[in-house]
Amino acid sequence: MRFIALAAALLILAGCYQRQAEQVQAQPPQQLYQWKLVTSWPKNFPGLGMAPERFAERVNQMSGGRLTIIVYGAGDLVPAFEVFDAVSQGNAEMGHSASYYWKGKIPAAQFFTSIPFGMNAQEVNSWLQYGGGMTLWTELYAPFGIKPLRGGNTGVQMGGWFNKEINSLEDLKGLKMRLPGLGGEVLSRLGGVPVTLPGRELFTALQTGAIDATEWIGPYNDLAVGLHKAASYYYYPGWQEPGTILEFLINQKAFDALPSDLQAIVINAAEGVNQDMLDEYTMRNIEALDALVLDHNIELRAFPDEVLEALRSTTQEVIAEQAATDPQMKRVYDSYLEFYKGVRRYHQVSEEAYDNSRGSLHRD
Ligand code: CA
């Protein structure tokens, strides 16, 4: 009897296994996805260009190869400034760029890169994630069929490279400078001539005298493109871009077509890369600034107070005027300003107070 009972139990068990095996076999093969990601940077460009590469690597690892992302440098599939259109039209599922390049299409987009004299990386990340910024950004891109995600931050940039000293406001008159976004408009009000050029054209433009000055990013990137060989005065601080946000652009239809676990992977990989860029820039900028000052003997200069004050008051004028003519910009500006005032109140007794308490640091 015992033997029969045991045999029966084994038979039932075997039947269960068989049914399970059949169920596994009956599942459809896992669908594989391959996306194109176009960027506004040269392929593998230090800092900016590494974000999409690391994003692709993270997505590939987390999805076990179910979603692969092919990254294209600027000009490989579409030119640097056509990334937005390519993603909007679905010619690429994703892009990596900076929102201020689209100010002609969406003036309010400028708030999602950096505002002159605005929030730094820590502050702007908080506004986006917890202060309502991300909701506004999503609304702004929705009519174009694009879902934006944060895609890195450079931290405070440098003021830029100049082929002459900037001692007073007079020195800005007629100054032809590569300076995109609101910073460019501010320069123009003060008599300068702003120019927009992609990163790969800066060195030649500065070296040939086609422009008198350029800002780019910070020591790490500026050293990499050799801007120190084209001009010798390196000014700080980067009033024009105090916490520049990079963006991932996702074609909404392509995103909606992904299963929910892959959607979560895309979002989490972007979040990881967003923090990673700031971490890497901080480290690399230390090394690069030392190399520029100690090995290449560049002239490191602070903008005079008079110049910074004029740039600051003109920035307020420009933003207020633009916000008054564009309802979307007004909405984003109101949200930005409310958060900015709050975070300054808090940071004046925390981050800023602490920074001041550390005193100045002199080079050995
Ligand atoms: Ca810049």
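**How do you know? A tour of the sheet, the core and the calcium site**

Visitor: What makes helix α2 a helix that lies across the sheet strands?

Guide: Helix α2 (residues 50–62) lies across β1 (33–39), β2, β3 (94–97), β4 and β10, and runs at about 165° to β2. Helices (H or I, at least four residues) and strands (E, at least two) are DSSP runs, numbered from the N terminus. Angles go from 0 to 180 degrees between N-to-C directions, with axes fitted to C-alpha atoms, for helices over the stretch in contact. By the way, this is a predicted model, where local features need pLDDT of at least 70 and side-chain atom pairs count only at pLDDT 80 or more, while totals for chains, interfaces and linings use all residues. Residues are numbered from 1 along each chain as its sequence is written, and side-chain values use heavy atoms, leaving out hydrogens and water.

Visitor: Why are β2 and β4 said to stand at the edges?

Guide: Five strands make an open, mixed sheet, ordered β2-β1-β3-β10-β4. β2 (67–72) and β4 (146–153) each have a single partner strand, so one side of each has no neighbour in the sheet. From one strand to the next, the twist averages 25°.

Visitor: How do you know that β4 and β10 pair?

Guide: Pairing takes at least two bridges found by DSSP between two strands. β4 and β10 (residues 245–251) have six bridges, in the antiparallel sense, so they pair. R150, for one, has E247 in β10 as its bridge partner.

Visitor: What makes L37 a residue that F55 touches?

Guide: Contact means heavy atoms within 4.5 Å. Leaving aside residues up to four places away in sequence, F55 touches L37, I69, M94, F248, V266, A269, A270 and V273.

Visitor: Which residues coordinate the calcium ion?

Guide: Donors are N, O and S atoms within 2.8 Å of the metal (3.2 Å for Na, K and Ca); water is not among the atoms, so sites may look incomplete. Q157 (OE1), E215 (OE), E215 (OE), W216 (O) and E241 (OE) coordinate the calcium ion at 2.2 to 2.7 Å, so they fit the calcium cut-off. E215 is in the loop between β8 (213–214) and α8 (219–224) and E241 in the loop between β9 (233–236) and β10, so the pair ties together parts 26 residues apart in sequence. Both E215 and E241 are buried.

Visitor: Why is N44 called partly exposed?

Guide: Buried means under 20% relative accessible area, exposed over 50%, and partly exposed in between (1.4 Å probe, protein chains only). N44 has 41% relative accessibility, so it counts as partly exposed.
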